[in-house]
Amino acid sequence: MIKPRIYFGRSLTILYLSLILWCYSTLDTYSQPVEDALLEWSKLPPIPENEGYAGMFAGTSNGKLIVAGGTNFKNEPPAWEGGQKKWYDLIYLLHGPESQWQLAAQKLPHALAYGVSASFEGGIIFGGGSDGFSHYADVFMLRWADNDLRFQSLPSLPKPCAYMCGAILDNTLYIAGGRESPQATETLHSFWALDLSKPSDQLSWQELEPWPGPGRMLAVAAVQDNSFFLFSGMQLVAGEDGKPQKLTPYLKDAYRYEPLRGDNEKPWSRVADLPRPIAAAASPAMPLGQSHIGVFGGIDGSQLHTDRRQYPPFQSNIYLYHTITDTWSRRGSMPVGSSRVTLPAVAWNDGHVFVNGESGPSKRSPDIYFVKKKAPQSNFGITNWIVLSAYLGAMLGIGYYFSKRERSIEDFFLAGRRIPWWAAGLSIFGTQLSALTFMAIPAMAYATDWSALLKSFGVLLVAPFVIYFYLPFFRKLNVTTAYEYLEKRFNVVVRLYGTFKFLITQLLRVGVLLYLPAVALSAVTGMNPYLCVIIISIFCTVYTVMGGMEAVVWSDVIQVLVLALGSLLCLFLILYEVGGLGEIIRVGAQYEKFHTFNWSFDPTAFSVWVLIVGPFFQNLGGYTTEQTVVQRYLSTKTEKDAASGIWTNAFISIPTILIFYPLGAALFAFYRKNPEKLIPDRNDAILPYFIVNELPPGLAGLLIAGIFAAVLSSMDSSMNSVSASLVNDIYHRFNKVKVSDRTSLKVARWLTVIVGIIGCGAGLLLLTFDIRLIIFQLIALLGLIAGGLTGVFILGIFTQRANSAGVLCGAAAGFIAPFLVKNHTDLNIFLYAPIGVLSCVTIGYIASILTPFVRKNVEGLSIQTLNK
């Protein structure tokens, strides 16, 4: 028979060598520097109209691309030679990129062009427009269903309008500017909104406060980062004959509308001007990644006096706006012959479609371009791959070394109680924060400000409570899991509730832990993020199955040191690159990146009291009910050592956090100075991206390996703890036959494999969502589901009256209350945890009083009887 130790050693060797061979096989693909190639361009079949159209409406309905209306000069001389523009009411459909356009039997109500179109819930909204004689206020939805086009009337615009821009943000259609009639000598300074989430009989347009700038037409709209953007455009003035003329300076100002800003803040703000005007460019502009907007071509007005017969092509520049650093950068040019104006842009099939448009004065283009963002590439390089491989090999070596000492179930789950207090403290810190700290907190400080910094001090407030009230219970009862206490204090049902609540929380946490490195490695190596998740899951599962708790703790110690030193190195390098600490402070102060203290009593804001109360209850739950942490308390030799470990974790958390928030502000200053170095990607990947592209080869590989190892150590903590809970709280508890340590160890290892598979699925699922800042999502999630279990432990330890029926009622209340608050209020996400805990304690205690009292001996199980 092959010994388990030998079997896992062979598995480790095969896995490691396979990973190394795969990594080096990808060097030619992934280690090339990025060269001005952010986008892929291709052509779709042309509309069956050789002339092409300008000013069309376009959108998607149930997967079909639909375009309609527009104008051209078919069979007419140019306008300056007396040619008359023709207006159309035709509708075309494209069922797929490889199919051909189909002319629909239905037509628009009348010829129409130069309005706004937007896709929404399987239909396309058409708003306003012109037929050359009049401008219209009509709004309707066109929908493809059951192989037919269907029209649905919507409320009319407040005024007739054409040449405006618009886009949908959070189920609301916004329309800005335009021209009220063909004879109008002024452009509109109007901003309208239609909330499409309301029932059809309650729909109506709102006239909102317009942007703090001049009216305009032919502007470009965009939606990104929970905001509506308005770029460029042009104005009209009356000529000497009283007729409108366009020979006016074109605009290059830009504005941001944030509907969710506080009541005391104006929703509009001016943002950085464009490098040059881009009037009549494709609209809405193309969102790229989570914080970029791509603007293509446009008119800058520099050629207005050029002889139209010799008019050069429209500008073909591609400009990217970054919503976080408020910067513009030029990123190459459009393909030759593709620069056009007065055309719609439509999101379709993971890209954008640019439909026809003007290629010159009185000229149209029949071409339709499909544009999508290229997969990220990087110059990770062979040196970094070698360092990454060596580091991961060392981590696996630790697992193999400690596998030789895992001879019993106590060794596997509690490391034989051989862990020194300082290592336990570092391990607790690494388990609770790890890659979340190194990646997510700098990303949050880079993208927002320091409002959430105070939450990091919650662990200091919680540490004394844990040491003086909770730790004695876990140590004196000599338990392996925290949930054994719940059965001793209440009954087996409450124990199972605690077990399954922990299991669900940890499986979700494993998904988050897999998501972060997948984002990082994808951004810096070009690897497919789904493949990253699978590789990390296999790697971590084999490593955890081998090494048990002792390998988990010592790998935690190494990764904490690597990440802390690495973050300091990144900070010092940025200080050098941007011109010193003074420059970071200047830029950060100018853009309010250091905003920390909000003294308001507003429960929806990141106010001081919210950031003290909320994180206190969150940390109380994490440090008293999570087996991942309790397991560390139980793995030291004495209760005093466990207490020292808790204090170690608490005190090293603060200086570490005070590194990561300044690091986020430094990243902001660096990329504000160098916006051309940013690529459109996920915000959570900003630090790994900086590491690989700005740090020396080898050193970058070490820090990326540190992120990788941090995830491994946090994942193996969760996997080992989940396995411990399943073995002790389920397998041993309900198995009628007494089993040997060897059998239990085998079961524990197989359960670890199953947990790894489920966690892998959770990580893959998270990658399908557009998660902007993962740390806020995790805080909200834990607050929603963890409060009830924290309340159950409080009822058990601090009261003698609480009984099993009462605490289960409280647990239900602690689960339901935060969800009701989330769905019906705007309370800050940090308040979900205290609401869950307090609801559980209050309802649980009252229910215990009201339910029949079954006397149970709680001697040594509550704070009042601990020493009896």
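A254 stands opposite V271 in strand 21, and this pair belongs to the contact between strand 20 and strand 21 (residues 268-271), which run antiparallel over four bridges. Two strands are taken to pair if DSSP finds at least two bridges between them. The strands themselves (E, at least two residues) and the helices (H or I, at least four residues) are DSSP runs, numbered from the N terminus. Strand 20 (residues 251-257) also pairs with strand 17 (residues 227-233), again in the antiparallel sense, through five bridges. Here F229 stands opposite R256 of strand 20. Six of the seven residues of strand 20 are buried, so that the strand is mostly covered; buried means under 20% relative accessible area, exposed over 50%, and partly exposed in between, with a 1.4 Å probe and protein chains only.

The model is a predicted one, in which local features need pLDDT of at least 70 and side-chain atom pairs count only at pLDDT 80 or more, while totals for chains, interfaces and linings use all residues. Residues are numbered from 1 along each chain as its sequence is written, and side-chain values use heavy atoms, with hydrogens and water left out.

Taken as a whole, the protein chain has 20 helices and 30 strands. Of its 868 residues, 60% count as buried. Among contacts (heavy atoms within 4.5 Å) between residues at least 6 apart in sequence, 71% join residues at least 24 apart.

Two open sheets may be described side by side. Strands of a sheet pair through backbone hydrogen bonds, either parallel or antiparallel. One open sheet has four strands in the order 22-23-24-25, with antiparallel pairing. Its edges are formed by strand 22 (286-288) and strand 25 (327-333), each of which pairs on one side only. On average, and with direction ignored, neighbouring strands of this sheet are turned by 30 degrees against each other. Three bridges link strand 22 to strand 23 (residues 292-296) in the antiparallel sense, and P287 has I293 of strand 23 as its bridge partner.

The other open sheet, also of four strands, follows the order 1-30-27-26 with antiparallel pairing. Strand 1 (39-44) and strand 26 (345-348) are the edge strands, pairing on one side only. From one strand to the next, the twist averages 25 degrees. Strand 1 runs antiparallel to strand 30 (residues 368-373), and six bridges join them; within strand 30, Y369 is the bridge partner of K43.

Attention now turns to the helices. Two packed helices are described by the angle between their axes and the distance between the axes. The axes are lines fitted to C-alpha atoms, for helices over the stretch in contact, and the angles run from 0 to 180 degrees between N-to-C directions. Helix 7 (residues 458-476) and helix 14 (residues 639-673) pack at about 165 degrees, with axes 10 Å apart. The two helices are therefore roughly antiparallel to each other, given that angles under 35 degrees count as roughly parallel, over 145 as roughly antiparallel, 65 to 115 as roughly perpendicular and the rest as oblique. Helix 7 passes helix 14 in a right-handed crossing; a crossing is right-handed if the near helix is turned clockwise from the far one by less than a right angle, and left-handed if anticlockwise. The residues of this contact divide into 15 nonpolar, two polar and two charged. Ala, Val, Leu, Ile, Met, Phe, Trp, Tyr, Cys and Pro count as nonpolar, Asp, Glu, Lys and Arg as charged, and the others, Gly among them, as polar. Participants from helix 7 include V459, L460 and R475, and those from helix 14 include E639, W647 and F651.

Helix 12 (residues 608-624) and helix 20 (residues 832-850) pack at about 60 degrees, with axes 7 Å apart, which makes helix 12 oblique to helix 20. Their crossing is left-handed. V613, G614, F617 and Q618 of helix 12 meet A833, P834, V837 and L838 of helix 20, a set that comprises six nonpolar, two polar and no charged residues. P834 counts as buried, because its relative accessibility is 4%. Leaving aside neighbours within four places in sequence, P834 is in contact with V613, G614 and F617. The C-alpha atoms of P834 and P818, 16 residues apart along the chain, are separated by 8.9 Å.

Finally, L516 is placed in helix 9 (residues 492-525). L516 is buried, with a relative accessible area of 0%. Its C-alpha atom is separated by 9.4 Å from that of F708, 192 residues apart along the chain.
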